[in-house]
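Good morning, and thank you for the invitation to speak. I would like to introduce a structure that may be new to many of you, and I ask that you keep it in view as I talk.

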Amino acid sequence: RQLPESDATPQTTTVKLSDLAASGRNPLALAQEYVSLVKQYPMKIRSVVFHTRRMCKDLFEKYQLMEECIACTSVEEVDAVLSKCAKYVANPKSFHYDQEKAARDKEALENKRLEEGKRKRYEGRMIRKAKREGLSDLHHYLRMGAEVPSVETVEKLKKAPKEERLSVWKKNHSQHCMSHHLEEGGCKRDRSCAFIHVAATSKLIFVEDAEVAG
């Protein structure tokens with residue numbers, strides 16, 4: 001007789017050790033397998049983007065797909081980026097290097113390094129201040145006003161009276177440059193500004209070294 005589905009013997013697949021090892025050395029294959037698993041066992045798109053870009057970082061940078069991956073809002077879009085990457089890997093001549101895009105990416109990287117340097121100097125000053133005041137929590141001042149403003153907050157404050165702007169900013173975002181976010185044309189001091197210049201947060205904004213859980 002035919003066994004019920006629940007009593008059926010599990011099927012197994014034989015995989016050569018050499019094939020398994022080759023797959024483990026292929027970041028694109030790993031990412032594609034990862035995405036296929038995500039389709040079966042859904043998780044936050046933020047985490048999918050984070051893990052995919054980590055696995056394929058070198059390939060995405062080589063074929064200028066990093067920003068496209070970060071902008072993905074669904075697993076299907078991530079899968080499409082991986083398919084495009086696979087096409088370039090299979091036929092490198094199909095990829096055309098975009099000089100303007102490369103220049104934008106280089107500028108973004110330089111700005112990121114500049115902000116990281118400013119942040120480290122600021123953290124040093126705040127920790128020394130806490131030590132001078134004898135505080136047991138050396139990160140006390142680093143938590144004050146550290147919250148990155150959201151896109152929604154920025155849009156709301158742009159329309160708010162000046163007094164309300166200052167009050168909200170001082171309470172929640174005092175480490176960040178208010179002019180960078182709220183003034184037309186941004187901060188006039190640019191690189192000489194002592195405050196943090198980072199993009200307002202959205203659902204897909206994350207820090208490169210942050211640990212993201214599914």
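I shall begin with the whole chain, continue with the nonpolar cores and some buried residues, and end with a pocket.

Please bear in mind that what you see is a predicted model. The protein chain has 214 residues, and 29% of them count as buried. There are 11 helices and zero strands, so every element from the N terminus on is an α element, because elements here are helices or strands as DSSP assigns them. How much of the contact pattern joins residues 24 or more positions apart? Among contacts in the protein chain with a separation of 6 or more, such residues account for 56%. The accessible surface comes to about 15,100 Å², and carbon and sulfur atoms hold 53% of that area.

Let me turn to the interior. The largest nonpolar core has 23 residues, and those with the most contacts inside it are Phe60, Tyr63, Leu65, Val78, Leu82 and Cys85. Which elements give two or more residues to this core? They are α2 (27-40), α3 (45-55), α4 (57-62), α5 (66-70) and α6 (75-90). Of these, α6 gives the most, with six residues. There is also a second, separate core of six residues, and Val154, Leu157, Leu182 and Ala200 are among them.

Two residues of the largest core deserve a closer description. Cys85 is found in helix α6. Is Cys85 buried or exposed? Cys85 has a relative accessible area of 0%, and because buried means under 20%, Cys85 counts as buried. Setting aside residues up to four places away in sequence, Cys85 touches Leu28, Leu59, Phe60, Tyr63 and Leu65. Cys85 and Cys56 are 29 residues apart in sequence, and their C-alpha atoms are 9.3 Å apart in space. Tyr63, with the same sequence neighbours left out, touches Cys85, Tyr88, Val89, Pro92 and Phe95.

Next to Tyr63 in the numbering comes Gln64, which lies in the loop between α4 and α5. Gln64 has a phi near 55 degrees, a positive value in a residue other than glycine. With a relative accessibility of 9%, Gln64 counts as buried.

I now come to helix α3. Which residues of α3 are buried? They are Ser47, Val48, Val49, Phe50, Thr52 and Arg53. The cover over these buried residues includes α2, α4, α5 and α6. Thr52, which has its place in helix α3, has 0% relative accessibility and therefore counts as buried, the limit being 20%. What does Thr52 contact, once its neighbours within four places in sequence are left aside? The residues are Ala31, Tyr34, Val35, Phe60, Cys69, Val78 and Leu82. Thr52 and Gln32 are 20 residues apart in sequence, with a C-alpha to C-alpha distance of 8.7 Å.

Let us move further along the chain, to His176. Where does His176 lie? His176 is in the loop between α10 (162-172) and α11 (178-182). Although His176 is a loop residue, His176 is buried, with a relative accessible area of 4%. Beyond residues up to four places away in sequence, His176 touches Gly145, Ala146, Glu147, Val148, Pro149, Trp169, Phe195, Ile196 and Val198.

My last topic is the second largest pocket, which has a volume of about 170 Å³. Its lining consists of Tyr122, Arg125, Met126, Lys129, Tyr141, Met144, Ser174, Gln175, Ala194 and Phe195. Which helix gives the most to this lining? Helix α7 (residues 99-132) does, with four residues. By character, the lining divides into six nonpolar, two polar and two charged residues. Phe195 lines this pocket and is also among the residues that His176 touches.

To close, I return to the main points. The chain has 11 helices and zero strands, its largest nonpolar core has 23 residues, and α6 gives the most to that core. Thank you for your attention.

Methods
Residues numbered from 1 in each chain as written. Predicted model: local features only at pLDDT ≥ 70, side-chain atom pairs only at ≥ 80, totals over all residues. Heavy atoms only, no water. Buried < 20%, exposed > 50% of the residue type's maximum accessible area, 1.4 Å probe, protein only. Contact = heavy atoms within 4.5 Å. Areas by Shrake-Rupley, 256 points an atom, 1.4 Å probe, with all protein chains shown as cover. 1 Å grid on protein atoms, 1.4 Å probe; cavity = no way out; pocket = protein on both sides within 12 Å on 5 of 7 lines; lining within 4 Å. Points joined across faces, edges and corners; volume = space filled by probe spheres on them. Nonpolar A, V, L, I, M, F, W, Y, C, P; charged D, E, K, R; others polar. Core = buried A, V, L, I, M, F, W, Y, C linked by side-chain atoms within 4.5 Å.
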